[in-house]
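Dear colleague,

I am passing a structure on to you with this email, and below it you will find what I noted when going through it. Please have the coordinates open while you read.

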Amino acid sequence: MNRIKKLREEFGYTQQDLANKLNGSKSVIGLYENEMRKPSLEILVKLSEIFDCSIDYILCKTDIKNAVINVARIPILGTVKAGYDWLAEENVVDYITLKENIPNIKEYYALKITGDSMLPLLSKGDLVIVHDQDDVESGQTAVILINGEEATVKKVVKTNEGIELHSMNPYYPVKKFTYEDMKSIPVKIIGRVKEAKIKGAFE
């Protein structure tokens with residue numbers, strides 16, 4: 001028997017009851033129970049709290065209800081537009097839970113993409129997991145703060161004169177900054193994009 005269905009029935013919940021607790025729909029619960037859709041990590045975390053068991057137990061990876069797993073929560077800081085006209089917001093708007101044992105977890109944060117300049121790599125609504133650092137290697141994707149206000153996600157290419165910010169979407173031209181520009185504007189690397197979470201993965 002599907003573990004989600006088994007736990008739901010043990011607790012005496014209907015599919016609608018469980019849907020209400022997850023702020024979702026009855027039909028989605030049915031998809032989970034018929035194994036036609038895999039719950040996201042965020043949903044699995046909520047289910048583990050509702051049923052007071054481990055995520056691994058829900059996924060049938062263990063028969064021990066309270067087996068310990070590693071999870072990490074990192075803040076989502078405002079949004080980042082993958083373009084050049086976004087005003088950075090350094091406020092925590094939510095948290096994302098990762099099933100990973102991440103060392104130095106306080107050095108990580110997440111940002112949400114709202115532009116289209118990084119298509120097809122990053123789409124509107126995607127979350128990027130960022131490591132807080134002030135430099136990256138040439139060719140790596142980073143979060144760059146321009147003029148202390150405008151944040152953008154771009155691939156950084158280093159040159160003898162300075163840096164170039166490359167979009168994945170060919171519609172957007174390469175933005176070039178000399179080392180003098182980087183000091184005077186200023187242009188500052190504020191993090192390296194380590195991972196992308198596809199939009200809807202946590203709904």
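Leaving aside residues up to four places away in sequence, Val92 touches Pro75, Ile76 and Leu77, and I should say at once that these contacts come from a predicted model. The C-alpha atoms of Val92 and Leu77 are 4.5 Å apart in space, although the two residues are 15 apart in sequence. Val92 itself belongs to strand β2, which covers residues 92-98. Is Val92 buried, exposed or partly exposed? Its relative accessible area is 42%, and Val92 therefore counts as partly exposed, since that class lies between the limits of 20% and 50%.

Another part of the model that you may wish to look at is strand β9, residues 187-197, which runs antiparallel to strand β4, residues 127-131, and is joined to it by 5 bridges. Within this pairing, Val130 stands opposite Val193 of β9. Strand β9 also pairs with strand β5, residues 141-146, again in the antiparallel sense and over 5 bridges, and here Ala142 has Arg192 of β9 as its bridge partner.

For the chain as a whole, the secondary structure amounts to 6 helices and 9 strands, and 44% of the 203 residues count as buried. If one takes the contacts in the chain with a separation of 6 or more, 57% of them are between residues 24 or more positions apart. The accessible surface comes to about 11400 Å², with 48% of that area belonging to carbon and sulfur atoms.

With best regards

Conventions
Residues numbered from 1 in each chain as written. Predicted model: local features only at pLDDT ≥ 70, side-chain atom pairs only at ≥ 80, totals over all residues. Heavy atoms only, no water. Helix = DSSP H or I, 4+ residues; strand = E, 2+ residues; numbered from the N terminus. Buried < 20%, exposed > 50% of the residue type's maximum accessible area, 1.4 Å probe, protein only. Contact = heavy atoms within 4.5 Å. Pairing = 2+ DSSP bridges. Areas by Shrake-Rupley, 256 points an atom, 1.4 Å probe, with all protein chains shown as cover.
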